[in-house]
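Work through the exercises below with the sequence and the 3D structure at hand. Each task is followed by a solution in steps.

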Amino acid sequence: MKKLLIAATALLFAGQVQAADVTGKLVLYTSQPNEDAQQTVDAFKAKHPGVEVEWVRDGTPQVMAKLRAEIEAGAPKADVLLIADTVTMESLKKEGRLLAHPAADIAGYDPAIMDKDKTYFSTKLITTGIMYNTAAPVKPTSYKDLLKPEVKDKLAMPSPLTSGAATIHMVALTGNPDLGWAYYEKLAEQGANPQGGNGAVYKAIAGGEKLYGFMVDYMPIRGKAQGAPVEFVFPEEGVSAVTEPVAILSTAQNPTAAKAFVDFLISREGQELAAKQGYLPAHPAVTPPAGFPARETIKLLPFDPAKALEGDAANKAKFTEIFGG
């Protein structure tokens, strides 16, 4: 059975094409952490030594601000984008700024996390669930557990106004018929005051200033492995996920190298690199890193990036109305 599984897995990636003439300069704009970005570039260059990769790293909003300014000036420099979320990619797709890559092999991936027109491709799953300090009196298994009296005034949350992952989590939870906006209103009554990004929330909970909160998975899972007093929970309702999609700009100067970069990230080698970096691979056949449950046991909340883009302004206005910005 194991041999059959290995053979089947190999076939899933057999369609990855190696271009013989992948050379020249490739400009990558990415929101990956610096260390991960360098590892990704090094691994790609090991496979394609004829490519010189110039990469720029910043948070997704800053990367997009830079790209938007270049587009406005008529001189976008990036060939390929590797950023946090599909909503941003959807906005670029809607403007016709992404180049389709029809030959990209996405067999074996969940169609729900891939663009059907092959203009952007999810490379990993960074899920958002619940983090808690091990000193907390309640061990939550459901989002509704955060509404218990013992949790009041002990909640920390990243803000959807500054975090793309928090935005997607808000859209996923408020779209759940058992939670909805009423759940966020109750979180506000519990004393939640969403601010900043996931890093600040992690520090507040790991340090004991707060005891519970919404959090991306890899921070507490890595922290626990290093001895921090934290746990990460995949709640029974499911988790939301940003998928760090990669896309080629329609103005790419080196589309051949850009396609090879996309192929590398969604290949088995690229997915194993994501796991080695401590992330949940997007491909279900690649083993998750230590600390994560089996991929098939993780329930993802439904999420439609096109619908999220359409409702983005209204959702953030509603959030501001509830929490005051």
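A salt bridge here is a side-chain nitrogen of Lys or Arg within 4 Å of a carboxyl oxygen of Asp or Glu. The model is predicted.

**Exercise 1. Which helices does the salt bridge between lysine 318 and glutamate 185 join?**

Step 1. Check the distance: the closest N and O atoms of lysine 318 and glutamate 185 are 3.8 Å apart, and the pair forms a salt bridge.

Step 2. Place the partners. Lysine 318 belongs to helix H12 (residues 312-323) and glutamate 185 to helix H6 (residues 180-189), so the contact ties together parts that are 133 residues apart in sequence.

Step 3. Check accessibility. Lysine 318 is partly exposed at 22%, and glutamate 185 is partly exposed at 33%.

**Exercise 2. Classify aspartate 145 and lysine 148 as buried, partly exposed or exposed.**

Step 1. Find the contact: the two side chains meet in a salt bridge, with 3.4 Å from N to O.

Step 2. Apply the cut-off: buried means under 20% relative accessible area, and exposed means over 50%.

Step 3. Aspartate 145 has 13% relative accessibility and is therefore buried. Lysine 148 has 34% and is therefore partly exposed.

**Exercise 3. How far apart are the closest N and O atoms of lysine 224 and glutamate 231, and which residues are joined into one network by salt bridges that share partners?**

Step 1. In the salt bridge of lysine 224 with glutamate 231, the closest N and O atoms are 3.1 Å apart.

Step 2. Lysine 224 is partly exposed, at 45% relative accessible area; glutamate 231 is also partly exposed, at 22%.

Step 3. Through shared partners, salt bridges join Lys93, Asp115, Lys116 and Asp117 into one network. The structure holds 15 salt bridges.

**Exercise 4. Where does the largest nonpolar core lie with respect to domain 1 and domain 2?**

Step 1. List the members that touch the most others: of 62 residues in this core, they are Tyr143, Leu146, Tyr183, Tyr184, Leu187, Tyr212 and Phe214.

Step 2. Find the main contributor: helix H9 (residues 255-266) gives the largest share, eight residues.

Step 3. Compare with the domain bounds. Domain 1 (24-123 + 243-291) and domain 2 (125-241 + 301-323) both supply residues, so the core lies between them.

**Exercise 5. Which residues does tyrosine 184 touch, not counting those up to four places away in sequence?**

Step 1. With those sequence neighbours left out, tyrosine 184 touches Met157, His169, Met170, Leu173, Thr174, Phe214, Phe319, Ile322 and Phe323.

Step 2. Set this core apart from the other: a second, separate core has 17 residues, among them Ile126, Tyr202, Ile205 and Ala308.

Key: Residues numbered from 1 in each chain as written. Predicted model: local features only at pLDDT ≥ 70, side-chain atom pairs only at ≥ 80, totals over all residues. Heavy atoms only, no water. Buried < 20%, exposed > 50% of the residue type's maximum accessible area, 1.4 Å probe, protein only. Helix = DSSP H or I, 4+ residues; strand = E, 2+ residues; numbered from the N terminus. Core = buried A, V, L, I, M, F, W, Y, C linked by side-chain atoms within 4.5 Å. Domains from an automatic or database assignment. Contact = heavy atoms within 4.5 Å.
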